[in-house]
Amino acid sequence: MENNTTFNIEFKNVQVRNHTDFKLKNVSLNLTPGCYALCSYSGGGKSLIRRVIAGIVKPTFGTINLNNISYKDICWTSQGEHLPHHLTVSEYLEVICMLKWQKKDRKQKVNSIAKKLDISNKILKTKTKELSVFNTRKCILASKLILEPKVFISDELYGSMPYEKGSKLVKLTKAYVEENNLIWLDSTHLTCDILTMDKILYIEDGYIHDDSSDEFKKWLYAESNLLQCLKTKNYEHILFT
């Protein structure tokens, strides 16, 4: 269901201190519906931004406003998220539906999200333990979006897969986000996310650079691509520009 109300997440001069150091410094952002890639080096502050949005961490200074958004409107994935092996995909999604939907509506919600994320009837009837990595990630994605949040935060959901599979899942997610008017914040190191997103939020030394120019995207793409290839020793997708 499309979100028709106006809503946004607003950071006003947010600073977060950890012991003696500031991990976030004078962050001012206005996140409206759209697709955002949140990038930094490991330990650079991506998780901290997510926790501030979710209300787990309070700013040391500054304010964050969730305008027309409640915490119930926020769904997120975490790294290493697992599925119950004894259930089929359909059964698992119906269990998730219990959090929000009446029993009479659950089957329809499952079929609707399956169609939007290109999950076949065969996959719906498959036990989660038998799924490929790609279809497991699809199932995790479906379990969040089936609750129809206003804000979706993903954490490395698209990694540990071949480049083509990760890119396909990113595009499926973006199509859903645009159709249903969500705020999607994707915490990522991946090259397949960077050029796809509307905006890039790059964290460096506690500051956020909000730069969505083609030049910046290409620079970040090249850097992330090279680092990913060196890490995995898979040089197939190195691009020299």
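A salt bridge is taken here to be a side-chain nitrogen of Lys or Arg within 4 Å of a carboxyl oxygen of Asp or Glu. The exercises below apply this and related criteria to a predicted model.

**Exercise 1.** Decide whether the side chains of Glu 81 and Lys 144 meet the salt-bridge criterion, and find which parts of the chain the pair ties together.

Solution. The N to O distance between the side chains of Glu 81 and Lys 144 is 2.7 Å, and the criterion asks for a value within 4 Å, so the pair counts as a salt bridge. Next, place the two residues: Glu 81 lies in the loop between E5 and helix H2 (89-97), whereas Lys 144 belongs to helix H5 (residues 133-145), so the contact ties together parts that are 63 residues apart in sequence. Finally, consider accessibility: Lys 144 has a relative accessible area of 14% and is therefore buried, the cut-off for that class being under 20%.

**Exercise 2.** Locate the salt bridge of Asp 155 and classify both of its partners as buried or exposed.

Solution. A search of the whole structure returns 7 salt bridges, and one of them joins Asp 155 to Arg 50, with the closest N and O atoms 3.0 Å apart. Because Asp 155 sits in strand E6 and Arg 50 in helix H1, the pair ties together parts that are 105 residues apart in sequence. The relative accessible area of Asp 155 is 8%, so Asp 155 is buried; that of Arg 50 is 7%, so Arg 50 is buried as well. Arg 50 also appears among the buried residues of helix H1 (residues 46-54), a list that includes Leu 48, Ile 49, Val 52 and Ile 53, and just after H1 comes Gly 55, with a positive phi of about 85°.

**Exercise 3.** Treat the pair Asp 105 and Lys 104 in the same manner, and then identify the residues that salt bridges with shared partners join into one network.

Solution. The side chains of Asp 105 and Lys 104 meet in a salt bridge at 3.3 Å, N to O. Asp 105, with a relative accessible area of 25%, is partly exposed, while Lys 104, at 65%, counts as exposed. The network formed through shared partners consists of Lys 174, Glu 178 and Asp 198.

**Exercise 4.** Check whether the end-to-end distance of helix H6 agrees or disagrees with its expected span.

Solution. Helix H6 covers residues 163-180, that is, 18 residues, and at 1.5 Å a residue the expected span is 26 Å; the end C-alpha atoms are 26 Å apart, which means that the two values agree. Among the buried residues of H6 are Leu 169, Val 170, Leu 172, Thr 173, Tyr 176 and Val 177. To interpret such a list, recall that an α-helix has 3.6 residues a turn, so residues three or four places apart point the same way. H6 is followed by Asn 181, whose phi is positive, near 60°.

**Exercise 5.** Describe the order and the edges of the sheet that contains E5 and E6.

Solution. The sheet is open and has 6 strands in the order E5-E6-E7-E3-E8-E9, with mixed pairing. E5 and strand E9 (207-210) are its edge strands, each pairing on one side only, and the twist from one strand to the next averages 20°. Between E5 and strand E6 (residues 151-155), which run parallel, there are 3 bridges; in E6, Phe 152 is the bridge partner of Cys 75.

Note on methods. Residues numbered from 1 in each chain as written. Predicted model: local features only at pLDDT ≥ 70, side-chain atom pairs only at ≥ 80, totals over all residues. Heavy atoms only, no water. Helix = DSSP H or I, 4+ residues; strand = E, 2+ residues; numbered from the N terminus. Expected span 1.5 Å × (residues − 1). Buried < 20%, exposed > 50% of the residue type's maximum accessible area, 1.4 Å probe, protein only. Pairing = 2+ DSSP bridges. Axes fitted to C-alpha atoms, helices over the stretch in contact; angles between N-to-C directions.
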